[in-house]
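Look at the chain below and follow it region by region. The paragraphs after it take up a few places in turn.

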Amino acid sequence: SFVAGVVHPWRVNAFERLLWRACRGYLVASFVEMPEPMEDPATGESITWIIFLISYWGEQIGQKIRKISDCFHCHVYPYPESEASRADTMNGLHSQIQDLSVVLEETEQYLAQVLDKVALALPTWRVQVQKMKATYLVLNQCSFDVTEKCLIAEVWCPVRDLTQVQDALRQGSYKSGSSVECFVQRIPTSESPPTLIRTNKFTAGFQSIVDAYGVASYQEVNPAPYAIITFPFIFAIMFGDVGHGLLMFLFALWMVLYEDSPSLRQASNEIWLTFFEGRYLILLMGAFSIYTGFIYNECFSKATVIFPSAWSVATMANHSSWSSAYLATHPSLTLDPNVTGVFQGPYPFGIDPIWSLATNHLNFLNSFKMKMSVVLGIVHMGFGVLLGIFNHVHFQQRHRLVLELLPEVVFLLALFGYLVFLIFYKWVKFSAANSLVAPSILIHFIDMFLFTSNAGNLPLYQGQVPVQTALVVLALASVPVLLLGTPLYRCCRQRAPRPTRPVVRLGAVGGAQLEGCDGVVTAGAVPTQPDTAGEQEPLLEGQEAGNSVNAIKEDVESGGRSPDTEHLDFAEIFMHQAIHTIEYCLGCVSNTASYLRLWALSLAHAQLSEVLWTMVMRNGFVGLSYVGGVVLVPVFAAFAVLTVAILLVMEGLSAFLHALRLHWVEFQNKFYVGAGYKLCPFAFTPDTWE
């Protein structure tokens, strides 16, 4: 008789020894390794089994062999005695294998068809699951009413969108077939509402710059609309060049024209996405740089002769009778504007191109750009101070117009506004004829603070010293008003008796509450009875009880700023006002000096551009004959790469950061608090299924 089966390869040696000892040699065993590994049905492990075939004599020996096989967990299979039976068994096994192969193949095809259909429906299923999770996340933040049949939600909602919320609740109640109708009710709150600023693809970049400094407080003046003009203009002052501005403008224009392209919008590079989101900002920066480049008369550091020069070299040569020997010994010649016909008036637009040939053009441009930076800086800061008027009027803090805004304006104009007056007055009064006796504005400004006069520095006008003394005294007198005015007013206001207001307790209302810009809005279902004191709990987790009730309308309209609802501490108010006074007075000096970065970076950009042209591009024009044309190709390639890498990218980033600092520190801190928080409305983000 025969016993056939398979055994684990690790148990073969022990299995064979035990068979030999137990059966005392009354058997013949043959062991063969499987050609391919098979999976263990018990553990799922892939194993290369060992096939054994044992021939034995006697039934008792066969029983021993079967028991030993069971002990070694062998898989024993029936082995027919006759050759014909074995052939029939093999044919049957082959037929089963073929049938199973067909079944497996058809099953795989069916599963592939099912998966193909699932793959088509999977994006829709994913969106549905995400929407359901987002919906239930919001529903979990709601609370039940006393009947546990309605949900109450307290949320913020813009007043403009309140009608849409009501319609959405009405349609949802109708489509769901609910017997309970949802409704909206507005209730007041003393909490400061979130800030919602509606933007589009053009204004989003500028609003992001402001929000990076701080989100605007509720109903505070937003600097972003003004930054649309001032930010690119201040950038262009430091980046003024027609050629560089044109390259930046064309690059931004390409992004704007192809802004709907998926390859641009869905790029994975974070730096590229930063440029793409600010494409309109870059577009305006390039356009303004072209404008200031025409004013500076610089295009890749070279001047352009759009209009004829106002200086006449021929008239100067005829008047001076320059000889050949004089010209040979004097490589630099001076054009005297006092000679009739040499200077024919100011250039129609921008800087005269003859200054690009002058050896003293840096002295001329430094004086021009330095004074221009001071004038624009003081105007920019003054505009920021005046924007505070809207905040004081809107929040009904009219006392700050007299006790804070007025002293700030007086201090700024009496000192630095007077400096701007001196700059323009000197430009108007002195000409080329009497420029040698023109006094120094810097010395006059220093003497103004020292209450002295310098005999070597002539006055600009009669009675200058008394006027300057009066302005300094006026500026110093405004400091105590700025320091003590608001604390004393608020202290007196607090001590004055005030009429008491009745407090009305509001009962709980079933439904969902929606908070608007001037109060909480409640959308609910069925009115319920007022809760008892022990059962009442806040509508949202983490919210203090009573924050959305027992509040007056004035508190809501002032964004939680009403002084009547605050407990005023005089020491705290005085300390806050002292810090503000010191910061403003010292800031006027430091901020004015900070605007000189416009002059410094404009000069640096012009000099880098000139060095790049002289050291690189000029070498391509030195060669003669055909050699110059051959050399010009790699030279221009190097010039283009260095222009983009250094002047456009590095210098552009530097000018952008300096313009950002001037807006954040010098401009916005004059009126902008930025202590609010953004409104994060419930919405299904479209990015996941677009």
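**A walk through the model**

In this predicted model, the side chain of Asp 352 reaches the backbone nitrogen of Ala 310 at a distance of 3.0 Å. Asp 352 sits in the loop that runs between helix 12 (324-329) and helix 13 (361-394). Which residues is Asp 352 in contact with, leaving aside its neighbours within four places in sequence? They are Asn 297, Ser 309, Ala 310, Trp 311 and Tyr 347; Ala 310 is thus both on this list and the residue whose backbone nitrogen the Asp 352 side chain reaches. Asp 352 is buried, yet it has no salt bridge. The nearest side chain of opposite charge belongs to Lys 302 and is 15 Å away, whereas a salt bridge needs a side-chain nitrogen of Lys or Arg within 4 Å of a carboxyl oxygen.

Next come the stretches annotated in a record. An unreviewed UniProt entry places the feature "transmembrane region" at several spans, including residues 233-258, 432-451 and 471-489. What share of residues 233-258 is helix in the model? The figure is 85%, with 0% strand, and the end C-alpha atoms of that span are 25 Å apart. Residues 432-451 are 50% helix and 0% strand, and their end C-alpha atoms lie 31 Å apart.

Leu 482 lies in helix 16, which covers residues 464-495. Is Leu 482 buried or exposed? It is buried, because its relative accessible area is 2% and the limit for buried is under 20%. Leu 482 and Thr 581 are 99 residues apart in sequence, but their C-alpha atoms are 6.4 Å apart in space. Thr 581 is also one of the residues that Leu 482 touches, not counting those up to four places away in sequence. The others in that set are Leu 403, Glu 404, Pro 407, Glu 408, Gln 577, His 580 and Tyr 584.

The last topic is the cysteines. A disulfide is a covalent bond between the sulfur atoms of two cysteines. How many disulfides does the structure hold? The count is 0. Two cysteines illustrate why. For Cys 150, the closest cysteine sulfur is in Cys 182, 8.0 Å away, which is too far for a bond. For Cys 492, the closest cysteine sulfur is in Cys 491, at 5.7 Å, and this is also too far for a bond. The cut-off is that the two sulfur atoms must be within 2.5 Å. Cys 150 counts as buried, at 6% relative accessibility, while Cys 492 counts as exposed, at 54%.

Methods: Residues are numbered from 1 along each chain as its sequence is written. This is a predicted model: local features need pLDDT of at least 70, side-chain atom pairs count only at pLDDT 80 or more; totals for chains, interfaces and linings use all residues. Side-chain values use heavy atoms; hydrogens and water are left out. Helices (H or I, at least four residues) and strands (E, at least two) are DSSP runs, numbered from the N terminus. Buried means under 20% relative accessible area, exposed over 50%, partly exposed in between (1.4 Å probe, protein chains only). Lys and Arg count as positive and Asp and Glu as negative; His and the chain ends are not counted. A polar contact is a pair of N or O atoms within 3.5 Å; within protein, one must be able to donate a hydrogen and the other to accept it, and residues adjacent in sequence count only if both atoms are side-chain atoms. Contact means heavy atoms within 4.5 Å. UniProt positions are given in the numbering used here, feature names are shortened, and annotations may be inferred rather than shown by experiment.
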